[in-house]
Amino acid sequence: MTMDLNAAAITDHCAACASHVAVTVVQETGSTNADLLAQVQGGALAGPALLVAHSQTAGRGRAGRSWLSAPGATLMFSLAWRFKSPLQHLVGLPLAAGVALAEAIQALGVPVQLKWPNDLLKDGAKLAGILVETQTGPDGAVWAVVGAGINLLMPDALETDIGRDVASAPWLAQMDRNALMGALLNRLSATLAEFDDTGFAAFTERWNQLQAWRGEPVRILDQGKVLLEGRMAGVDDTGRLLLQTDGGMVPVMSGDVSLRLAQ
C-alpha cells in the first residue's frame, strides 16, 4: 500500500475508458481547476487530462467559496474533458459527475448519498465536493474541467477551520492512493463519455436513487434568504431540483442557490 500519488502508477490502474487520459501529479498548486482551465485556454491540451495535487493553496468550491484541505488528508484532482456537444448541452454535468464519484466510492465499500446539486454526503455530513467549470479552446472546442475534493481523513484542526460537520472515509484512506485515483478516474471517464452522447437524462434515475433527503422538508436559500420550502422530490431530466410545495411541483435551477434541510 502506498500513500504517495504517482502518475505512472495511476495510469497502470486505468481501464480502457481512461487509457487516453494524460495524468500529471504535482506536489502543490493553487488550484487544479484553474491550472487546467488555463491549459485549455492556451491550447496546451491534446486530449483529456487529469491533474492531481498533494496540496492546494487556493482550492475553491461553488459560488467562489474556498475549499479548505490538508496535505495527505484530502484527495484533490481535476479532469479536463473535451466535448463534442455544444456548451448548452452540458447542463446537468455536475450532477452526472456526482453520480460517477458516488457509484465509484460505493463500489469501494463506502455508502454515500448525493446532495443537490453536487455534494457527496456520508452519514449526513459532507464527504466530497465537485466544481465543474467550462472553457472554450482556441479552436472553439468546448471543454469542461471537473474538480473534486474528497475528505479521506479529517484532522481536528482542519474540521475547526471549516467550522461545520464534515465526513471522512478512513477506509478509502487505507487504500493505495493510486488505485483509488484510478478507480475514480475510470468511472468518471466512462461517465463523461456517456454524458456527451446522452446528456443528463440517462443519469436521472441513478441520481435519484442516490439522493439524500428524499421526501424530507427542505429549503432553497439564496444568500441566506429562504426562496422556497417544500419536500425533496428528486431531479428531472435536465438536472433541476424538483420541490414538492403546497402549490405543486416546482423545478429549481442551481445557479448560486443552496439546499438545506428545514429545521
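Begin with the aromatic rings: this predicted model holds 2 aromatic pairs. Select Phe195 and Phe203 and show their side chains; the ring centres are 6.3 Å apart and the planes stand at 35°, so this pair is described as tilted. Keep Phe203 selected and add Phe200, whose ring centre is 6.5 Å from that of Phe203, with the planes at 20°, so this second pair is stacked. The cut-off explains the two labels, because planes under 30 degrees apart count as stacked, while those over 60 are edge-to-face and the rest are tilted. With the three residues shown together, you are looking at one aromatic cluster formed by Phe195, Phe200 and Phe203.

Are these rings buried or exposed? Phe195 counts as buried at 1% relative accessibility, Phe203 is buried with a relative accessible area of 0%, and Phe200 is likewise counted as buried at 3%.

**The whole chain**

Now zoom out and colour the chain by secondary structure, which comes to 7 helices and 12 strands. Of the 263 residues in the chain, 52% count as buried, and the chain as a whole exposes about 11600 Å², of which carbon and sulfur atoms supply 50%. If you consider the contacts whose separation is 6 or more, 67% of them are accounted for by residues that lie 24 or more positions apart.

**The nonpolar cores**

Next, select Leu50, Leu75, Phe77, Trp116, Met181 and Leu184, which are the residues with the most contacts inside the largest nonpolar core, a set of 69 residues. Then select residues 93–107, since helix α3 contributes the largest share of this core, namely 10 residues. A second core, separate from that one, has 10 residues, and to find it you can select Leu36, Leu45, Leu51 and Ala141, which are among its members.

**Helix α2**

Leu36 is also a buried residue of the next stop, helix α2, which covers residues 32–41 and in which Thr32, Asn33, Leu36, Leu37 and Val40 are buried. Turn the view until you look down the axis of α2: the buried residues fall within an arc of 130°, so they line one face of the helix. To see what that buried set packs against, add the strands β1 (22–29), β2 (49–56), β3 (74–83), β6 (125–136) and β7 (142–151) to the selection.

**Val252 and its contacts**

Move on to Val252, which has its place in strand β11, residues 248–252, and which is buried with a relative accessible area of 8%. Which residues is Val252 in contact with, once its neighbours within four places in sequence are left aside? They are Trp116, Ile220, Leu228, Arg240, Leu241 and Val257. One of these partners, Leu228, is 24 residues from Val252 in sequence, yet the C-alpha atoms of the two are 9.3 Å apart in space.

**Backbone details**

Another of those partners, Trp116, leads to a backbone feature, for the peptide bond from Trp116 to Pro117 is cis, with omega near 0°. Pro117 itself lies in the loop between β4 (113–115) and β5 (119–122). Continue to the loop between β5 and β6, where Asp123 lies; its phi is near 55°, a positive value in a residue other than glycine. Asp123 is exposed, with a relative accessible area of 73%. Now select Trp213, found in the loop between α7 (204–210) and β8 (217–222), which has a positive phi of about 70° although it is not a glycine. Trp213 counts as buried, at 18% relative accessibility. These stops are worth a look because most residues other than glycine have a negative phi, and most peptide bonds are trans.

**The cysteines**

Finish by selecting Cys14 and Cys17 and showing their sulfur atoms. How many disulfides does a search of the whole structure find? The search finds 0. For Cys14, the closest cysteine sulfur is that of Cys17, at 8.0 Å, which is too far for a bond, because a disulfide calls for a pair of cysteine sulfur atoms within 2.5 Å. As for their surroundings, Cys14 is buried with a relative accessible area of 17%, whereas Cys17 is partly exposed, with a relative accessible area of 30%.

Notes
Residues numbered from 1 in each chain as written. Predicted model: local features only at pLDDT ≥ 70, side-chain atom pairs only at ≥ 80, totals over all residues. Heavy atoms only, no water. Core = buried A, V, L, I, M, F, W, Y, C linked by side-chain atoms within 4.5 Å. Buried < 20%, exposed > 50% of the residue type's maximum accessible area, 1.4 Å probe, protein only. Helix = DSSP H or I, 4+ residues; strand = E, 2+ residues; numbered from the N terminus. Phe/Tyr/Trp six-rings, centres within 6.5 Å; stacked < 30°, edge-to-face > 60°. Contact = heavy atoms within 4.5 Å. Areas by Shrake-Rupley, 256 points an atom, 1.4 Å probe, with all protein chains shown as cover. Arc of directions from axis to C-beta.
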